[in-house]
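Trainee: Got a minute to look at this one with me?
Mentor: Sure, pull it up.

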Amino acid sequence: PKTDIVFLKVHKSASSTVMNILFRFGEMHNLTFAFPQGGGFQLYYPHHFLAKFVQGFSPLSPRQFNILCHHMRFLQPEVQKVVPSSAVYFSILRNPVQLMESSFVYYKGASAFSRVRSLEEFLSQPWRYYDPARGDRHYARNLMTFDFGFNPDGDVSPERVQLMLKAIEASFDFLLISEYFDESMVLLKEMLCWDLDSVVSFPLNSRDSSTKSPLPDSVVEKLKAWNRLDWEIYTHFNRTFWERLDRLIGRERLRREVRALRQRRAELARACLQGTGSVGPKDIKDSSLRPLQHGGARILGYNLKQGLPRELERTCRRLVTPELQYSSLLYKKQFPPPPP
C-alpha cells in the first residue's frame, strides 16, 4: 500500500469525504500528517502553499510527512519539501456548474456574492459585482483553477489552456471526478494498492437538498463561460479519468468493484447508523459529531447507534467524524500538548 500521499483538497468537490478516508488510513497505519501551523485547518489558504506553513517543518532539518491533505493553494516546489519524493499526487474535480452553485450558497458572504440575491443576478452582470483585486475573488470564479495554483482571471486562449492542463498532468498522478464518486474510489484503491475498507466512506460535509435548486439552461451556459478555465480542466480530466479506468480496470471489473463498495457501505450504514442516513444539524445528538455550518448551507451529519461493541464503535465514529474535529484529534496525537 502507498503511504506517501499529496491530496489537493479542491473546495466543494466531495473533498471532505476523501479527506476522511486519508485521515482514517493515516491513523490506522500510524502515518504523519503535514498539519497547518498551530493545528489550524487550512495551510494559509488562499496564499500559495509554502513549506513553512507546516507544523514541525524546519528548513535546517527538513522533516518529511506522509500525508498532505489540508486545504492549500498548490505550489509543487514547496510541497516537495515536506513530502517524500515517492509521494503519489492526486485531487478530485467537480462539474464547475454545480461547483459554482454550491460555492454561491456556501460562500454567500464573499465580496462578489454579498450584494446579489441569486446566482442568476450575479451572472447577468458579473463584472458589476466581481472585483479581480479582492482577496476572496476566487470563490466566485474558476475556483478549481485557483486551487491548482493558477490565475482564475487568466487568459483562455487554447495555448494557455493547454499549458495549464500539461502542468497539472506533470504534477498529478491522477484526478478523480466527484460525480462518479464510487468509480473514483475504485480507481483510488487501485492506484494506492489499498483494500476495500480503506476507501469506504459516508458522504461528509454535504448539504441538505432544501437549499439546492436546479439551474435553467441559460444560466448553465453563462456559468460555463464565466468559469471557462475550470470547464476546460474538468472536461479534459473527466475524459482521461475514464480512459484510465478502461486501461487499468475495464468496465466489467469496474462494475463488480463498484457493487462491492456500495454493498460494504450499506453494511456499515446498517451496523453504525441510527435511521437510514444523514440528518440535519439540529438532529445530531452528539455535539462532537456536528459539522461546521457555513454560509447559507445546512450541512448534514450522522447519529451513531447506541451500545455498539467498542471496536465497531470506534470504526463507526471515525467514519462520521467531521473534518475539523478529526483534524484536531489527529493533531493532538501527533503533537501531544506538554504535560501541565
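**Pockets and one helix**

Mentor: In this predicted model, helix H3 gives the most to the lining of the largest pocket, with 5 residues.
Trainee: And which residues are closest to the centre of the second largest pocket?
Mentor: Arg24, Met28, Asp197, Thr315 and Arg318, out of 17 that line the second largest pocket. A pocket here is an open set of points on a 1 Å grid where a 1.4 Å probe fits, with protein on both sides within 12 Å along at least five of seven lines, and lining means an atom within 4 Å of a point.
Trainee: Which helices supply at least two residues there?
Mentor: H1, H9 (196-199), H12 (251-272) and H13 (310-320). Helices are DSSP runs of H or I, at least four residues, numbered from the N terminus.
Trainee: Switching to H8: is it mostly covered or open?
Mentor: Covered, with 10 of its 12 residues buried (under 20% relative accessible area, 1.4 Å probe).
Trainee: Which ones?
Mentor: Phe181 through Lys189, plus Leu192. Asp182, Glu183 and Lys189 are among them.
Trainee: How far apart are the end C-alpha atoms of H8?
Mentor: They're 16 Å apart, which agrees with the 16 Å expected for residues 181-192 at 1.5 Å a residue. The expected span is 1.5 Å times one less than the number of residues.
Trainee: What follows H8?
Mentor: Cysteine 193, whose phi is positive, near 55°.
Trainee: Any ground rules?
Mentor: Residues are numbered from 1 along each chain as its sequence is written, and side-chain values use heavy atoms, with hydrogens and water left out. Local features need pLDDT of at least 70 and side-chain atom pairs 80 or more, while totals for chains, interfaces and linings use all residues.

Notes
Buried < 20%, exposed > 50% of the residue type's maximum accessible area, 1.4 Å probe, protein only.
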